[in-house]
Amino acid sequence: MEIQREFIKHLENDRLISSIKDPKSLELFLESDIRSAFLLTGNISVIKRYVDLLKENGRFVFLHLEKIPGISFDKEGLKFIAKYVKPTGIVTTKSSLIQFAKKEGLLTIQRLFLVDTDALKNGLQTSCEIKPDALELMPGLIPELITKVKAKTDLPIITGGLISNKAHIHAALESGAMAVSTGKPWLWKKPEF
């Protein structure tokens with residue numbers, strides 16, 4: 001899939017994904033050099049306008065469906081997103097949505113919350129079965145788990161959550177994450193090594 005290769009190429013270059021949590025952050029993202037965004041703001045009446053704006057500016061847009069009011073988390077909701085809103089893909093914690101989104105031609109990012117050993121084990125097992133395009137590990141402040149997950153899967157690893165400074169970004173990247181997602185606009189600058 002060409003769009004997947006292009007997205008991964010930009011992730012390898014940017015190493016960051018902007019998590020857009022409010023309309024002001026949308027403007028700040030467009031002023032940055034980062035090419036990929038997780039959209040966690042809007043609702044069913046404005047989400048298409050946001051996605052169109054970002055795509056018109058050459059950005060990859062992933063909707064975090066659980067954060068967008070008015071869209072149902074089912075097959076019909078995914079069809080609506082794929083056919084009408086047309087983002088690059090989705091971010092979700094729900095395995096069933098990953099499967100529906102893939103059938104609709106969207107890229108998929110499975111978000112895993114690393115709350116305990118069982119969550120990690122079950123999350124990895126599920127990701128092996130449903131094969132999302134990437135995994136997002138949360139919180140992003142556990143470098144040793146990033147290394148552990150990286151050793152168990154060939155999926156690209158994104159990490160995020162609680163990232164609040166450049167040292168957090170560097171630690172995640174050095175531990176094997178391909179990219180880091182953050183909602184902090186002051187961190188939306190490509191990391192230097």
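F38 is buried, and F62 is buried too. In this predicted model, the two rings form an edge-to-face aromatic pair. Five aromatic pairs occur in the structure. The points below cover these rings, the charges that lie over two rings, a surface patch and one helix.

**The F38–F62 pair and its cluster**
- The ring centres of F38 and F62 are 6.1 Å apart, with 80 degrees between the planes.
- This pair links distant parts of the chain.
- F38 sits in strand β2, residues 36–39.
- F62 sits in strand β3, residues 60–64, and the two partners are 24 residues apart.
- F38 and F62 also belong to one aromatic cluster, together with F7 and F60.

**The F29–W188 pair**
- F29 and W188 form an aromatic pair that is edge-to-face.
- Their centres lie 6.2 Å apart, and the angle between the planes is 90 degrees.
- F29 belongs to helix α2 (residues 23–31), while W188 is in the segment after β8 (179–182), so the pair ties together parts 159 residues apart in sequence.
- Both F29 and W188 are buried.

**Charges over rings**
- F29 has a second neighbour to note: R59 lies over the face of its ring, at 4.7 Å from the ring centre.
- K48 lies over the face of Y84, at 5.3 Å from the ring centre.

**Y84 and the surface patch**
- Y84 is part of helix α4, which spans residues 75–85.
- Is Y84 buried or partly exposed? Y84 is partly exposed, because its relative accessible area is 44%, and the buried class ends at 20%.
- Y84 joins I44 and F80 in a nonpolar patch on the surface.
- Together, I44, F80 and Y84 have about 270 Å² of accessible area.

**The two sides of helix α3**
- Which residues of helix α3 (residues 47–56) are buried? They are I47, Y50, V51 and L54.
- These four cover an arc of only 95 degrees around the axis, so they lie on the same side of α3.
- An α-helix has 3.6 residues a turn, so residues three or four places apart point the same way.
- R49 and E56 are exposed, on the face of α3 turned away from its buried side.

Notes: Residues numbered from 1 in each chain as written. Predicted model: local features only at pLDDT ≥ 70, side-chain atom pairs only at ≥ 80, totals over all residues. Heavy atoms only, no water. Phe/Tyr/Trp six-rings, centres within 6.5 Å; stacked < 30°, edge-to-face > 60°. Helix = DSSP H or I, 4+ residues; strand = E, 2+ residues; numbered from the N terminus. Buried < 20%, exposed > 50% of the residue type's maximum accessible area, 1.4 Å probe, protein only. Lys NZ or Arg CZ within 6 Å of the ring centre and 35° of its normal. Patch = residues over 30% accessible without salt bridge, like charges linked within 9 Å, V, L, I, M, F, W, Y side chains within 5 Å. Areas by Shrake-Rupley, 256 points an atom, 1.4 Å probe, with all protein chains shown as cover. Salt bridge = Lys/Arg side-chain N within 4 Å of Asp/Glu carboxyl O. Arc of directions from axis to C-beta.
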